[in-house]
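Trainee: Could we go through this model together, one spot at a time? I would like to ask questions as we go.

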Amino acid sequence: MSWQQQYLAYDQDSLATYANAGLVRRALKDIEAEKVVLRTEQADQVSIESDGQQVCLSATGLVNAVCSCPATGACKHIVAAVLWFQMHHCQSKVESNDQAQENQISTPKDQPKNNVTEQIKINPLDEILALDLDHIAKKIGRAQAQKAIKYARLWQQEQQTELFEDDYRLKIHIASINEDISYIAGTGFAGMLSNLEKDQPAYHLAALSEVQRLQGKSWAALQLSKVENPAILSESERQFVVELQDDLNQLLEFGLSHVNDSTARQLHLLNMSARSEALPRLAAMLRQLSGQISRLLQRDEHSSEQDTLLYLAQMRAYLYQLQQAQGEQLLSLRGKIRQQYQVDEQQSDLELLPLGARWWRTQGGARGLTLYFSELENAKIFEVTVARAENNDPNFNRYNAWSQHSIWMRTAQQLMQKTVCLQQPRFGEDGRLSASGQSRALPLNSLSKIEDFGRYQQMGFNHWQTVQQHWQQQMQTVEGIDHTILLNISRYDAPQVDEIEQCLWWNIYDQQGSVIHLRLDWKTQELDKIRQLERLCGQMIQVSSIFAHARIQGHQLVLSPISLLITQIDKTRLFHLDFDQLAEPKKTLKESLIGRIEQLMVKKKQQAKFASTQISLSQKVCEPILEVLLSLACSGRLQLSTSQMETLQRHSQLAQDAGLNLLAKQIDLILATTRLNTDLILRLVYICDLTLRMQINLPIQLNTE
């Protein structure tokens with residue numbers, strides 16, 4: 001092909017990737033204003049004047065285009081020259097094709113046709129297959145080549161790469177990073193385009209390896225590279241951890257209030273690097289951090305800079321552990337890409353009682369369905385989960401997961417309606433059941449046939465004082481509290497809206513009049529659940545048991561309902577707030593208006609919602625310290641003001657008086673430093689967070705009367 005034809009592969013999207021969308025818009029305006037003209041045309045290059053600047057486009061490709069303006073790299077003059085050249089070349093091509101068609105009409109049938117289109121037809125896929133990837137690996141250096149090998153291995157396992165081909169360009173879509181990498185015909189490796197910034201050569205080489213693999217050609221380096229010992233942190237992994245620490249430091253130095261879309265995107269790409277380095281737990285943390293940054297940008301009321309700062313401190317502590325650990329401890333810290341399930345030969349079939357089903361979504365974008373069961377013979381709780389990562393399987397949604405997705409050869413909806421016998425159960429190392437494999441669920445009894453639902457009453461807690469003691473004991477252990485709990489209730493109040501906390505409080509009582517405060521956050525994924533709960537309470541349906549999910553948020557334990565055991569018109573059933581729909585009785589216009597007025601009057605009379613009025617010692621000491629550190633982290637101004645120094649001095653003394661010597665020592669280190677660094681800040685944040693977690697507030701108020 002002629003060298004000019006490679007410039008036809010750059011559409012406006014490609015040029016926006018090469019430069020940016022703003023430069024493309026300005027270049028188009030210059031062409032419309034006739035500020036771009038051809039000056040000279042030679043066999044291997046053309047010279048174009050673009051808005052007073054001289055641009056040279058040559059056979060060496062766009063990556064080597066030269067402009068006389070002082071800008072480095074891409075500029076609007078080069079972009080305008082390429083767009084103008086495309087218009088000019090395409091017009092010449094159309095005229096050549098018209099002339100060829102005229103010649104074809106007058107050409108005898110036995111004479112070969114001069115088909116210009118066939119002469120200029122090029123295939124970027126053939127070019128990629130002809131590339132020597134080992135030669136490219138040597139050019140980009142050993143470090144980048146090793147990363148490329150790891151990315152290529154990971155993408156090979158995922159099997160999610162897609163190719164989109166046109167006349168001059170091959171677009172390689174990598175699903176796990178949600179990125180398109182373009183190969184432009186005639187430009188080679190140097191001319192590849194993507195929005196990737198860090199480790200771009202490694203990503204591009206891995207993409208070429210993926211293309212060759214999909215065409216049946218394997219890169220030998222993928223098999224020859226040695227496998228590292230997972231019980232020891234390799235040099236490559238240590239280097240990645242150090243680089244990641246620098247990235248997190250820069251995030252704080254830049255200021256959490258000044259983050260942008262590229263920050264969240266870069267963290268998401270770093271998760272890919274962590275996965276390629278066999279650090280799946282770290283990858284999950286990076287996805288979580290990326291999600292938190294995205295929610296900050298969206299001004300989500302349930303996300304805050306303080307949550308992000310606390311999470312950064314946890315990550316910093318985890319990275320320190322990674323650098324110090326070896327052997328079994330390191331294997332545990334690495335985590336696992338996939339849960340390993342196996343059949344226990346000594347385990348008999350399980351007879352399971354359904355407890356509830358929960359649809360969830362992480363801040364990193366993953367979503368899934370978790371089903372909870374209990375053995376009929378004892379109160380042990382089992383769970384099984386089906387999930388998808390971000391940008392993976394767009395058809396996997398709440399409706400399909402509930403009513404169509406197969407779990408143990410049945411749908412989740414079917415499993416939650418009856419007791420089942422699970423044959424050949426497969427367990428993971430954490431005790432979870434596998435959703436796949438040869439396990440099969442056979443239906444036993446319909447829930448309505450279980451006499452008085454006695455098993456739920458036997459399993460659940462009847463007194464909230466016992467619940468409080470149960471949680472307090474668990475908080476003293478390494479594992480922490482259970483994620484779920486079954487509560488048998490005596491009565492409940494109507495749900496109350498808390499506009500300050502942006503949530504819904506639901507008070508449930510035991511026989512002694514003690515209260516537990518259940519909470520549902522007023523956010524998109526829980527709006528349906530809130531509507532169903534309000535509708536259920538509005539109809540005064542009898543609720544006898546509640547299955548709830550517990551999580552620690554800050555220094556509070558938050559308890560949210562998953563399913564309810566309800567009785568409606570003499571029929572008892574399990575109601576799942578995420579999936580079941582409660583029919584709303586039809587009302588006349590008069591009844592609707594009166595009901596609305598009553599709701600407004602009730603809301604007006606509502607007293608202060610549940611909040612912990614008791615301030616613990618850890619809160620008195622740590623919260624003012626965190627306010628100072630949060631101010632530094634948000635602004636990026638790592639220098640204490642006079643008032644901030646006074647605050648830290650007061651609370652250093654308070655920490656010493658309270659016997660919190662480690663906390664006081666870390667505060668003194670910061671006060672003694674003339675120029676703060678992010679490491680000192682994150683250490684103090686981490687210690688404050690640990691101190692607060694030692695005194696978790698429980699959502700329980702016991703009746704002392």
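Trainee: Is Met 409 buried or exposed, or somewhere in between?

Mentor: In this predicted model, Met 409 counts as partly exposed, because its relative accessibility is 46%, which lies between the limits of 20% for buried and 50% for exposed. Met 409 sits in the loop between strand 12 (406-407) and strand 13 (410-411).

Trainee: What about the phi of Met 409?

Mentor: Met 409 has a positive phi of about 65°, although it is not a glycine. Most residues other than glycine have a negative phi.

Trainee: Where is Gln 424, and what is its phi?

Mentor: Gln 424 is in the loop between strand 14 (418-423) and strand 15 (426-427), and although it is not a glycine, its phi is positive, at about 50°. Gln 424 is also partly exposed, with a relative accessible area of 46%.

Trainee: Changing topic, where is Gly 335, and what does it touch?

Mentor: Gly 335 lies in the loop between helix 14 (327-334) and strand 8 (342-343), and it is partly exposed, with a relative accessible area of 26%. Leaving aside residues up to four places away in sequence, Gly 335 touches Pro 280 and Arg 281. The C-alpha atoms of Gly 335 and Leu 279 are separated by 6.7 Å, with the two residues 56 apart along the chain.

Trainee: How many of the contacts in the protein join residues that far along the chain, say at least 24 apart?

Mentor: Among contacts between residues at least 6 apart in sequence, 64% join residues at least 24 apart. As for the protein as a whole, it has 705 residues, of which 48% are buried, and it has 24 helices and 25 strands.

Trainee: Let's pick one of those strands, then. Which residues of strand 17 are buried?

Mentor: Strand 17, residues 484-488, has five of its five residues buried, so it is largely enclosed by the rest of the structure. Both of its faces are covered, with Thr 484, Leu 486 and Asn 488 on one side and Ile 485 and Leu 487 on the other.

Trainee: Why do they split up like that, every second residue on one side?

Mentor: In a regular strand the side chains alternate between the two faces of the sheet.

Trainee: Which strand does strand 17 pair with?

Mentor: Strand 17 pairs with strand 22 (residues 542-553) in the antiparallel sense, over five bridges. To take one residue, the bridge partner of Thr 484 in strand 22 is His 549.

Trainee: How many cavities does the structure hold?

Mentor: The structure holds three cavities of 30 Å³ or more, and the largest has a volume of about 40 Å³. Among the residues lining the largest cavity are Leu 486, Ser 545, Ile 546 and Phe 547, along with Ser 563, Leu 564 and Leu 565. The elements that give two or more residues to that lining are strand 22 and strand 23 (556-568).

Trainee: And how many disulfides are there?

Mentor: The structure holds zero disulfides. Cys 622, for example, is in no disulfide, and the nearest cysteine sulfur, that of Cys 688, is 4.3 Å away, whereas a disulfide needs the two sulfur atoms within 2.5 Å. Cys 622 counts as buried, at 0% relative accessibility, and Cys 503 also counts as buried, at 1%.

Trainee: Which residues of helix 23 are buried?

Mentor: In helix 23 (residues 661-671), the buried residues are Leu 663, Ala 664, Gln 666, Ile 667 and Ile 670. Seen down the helix axis, they fall within an arc of 165°, so they line one face of helix 23. An α-helix has 3.6 residues a turn, so residues three or four places apart point the same way.

Trainee: What is on the other side of helix 23, and what covers its buried residues?

Mentor: On the other side of helix 23, Asn 661, Leu 662 and Lys 665 are exposed. The cover over its buried residues includes helix 21 (617-635), helix 22 (642-657) and helix 24 (678-693).

Trainee: One last residue: where is His 517, and is it buried or exposed?

Mentor: His 517 is in strand 21 (residues 515-521), and at 5% relative accessibility it counts as buried. The C-alpha atoms of His 517 and Trp 505, which are 12 residues apart along the chain, are separated by 6.3 Å.

Terms used: Residues are numbered from 1 along each chain as its sequence is written. This is a predicted model: local features need pLDDT of at least 70, side-chain atom pairs count only at pLDDT 80 or more; totals for chains, interfaces and linings use all residues. Side-chain values use heavy atoms; hydrogens and water are left out. Buried means under 20% relative accessible area, exposed over 50%, partly exposed in between (1.4 Å probe, protein chains only). Helices (H or I, at least four residues) and strands (E, at least two) are DSSP runs, numbered from the N terminus. The arc is that of the directions from the helix axis to the C-beta atoms. Contact means heavy atoms within 4.5 Å. Two strands pair if DSSP finds at least two bridges between them. On a 1 Å grid over the protein atoms alone, a cavity is a set of points where a 1.4 Å probe fits but cannot get out, and a pocket is an open set with protein on both sides within 12 Å along at least five of seven lines; lining residues have an atom within 4 Å of a point. Grid points are joined across faces, edges and corners, and a volume is the space filled by probe spheres set on the points.
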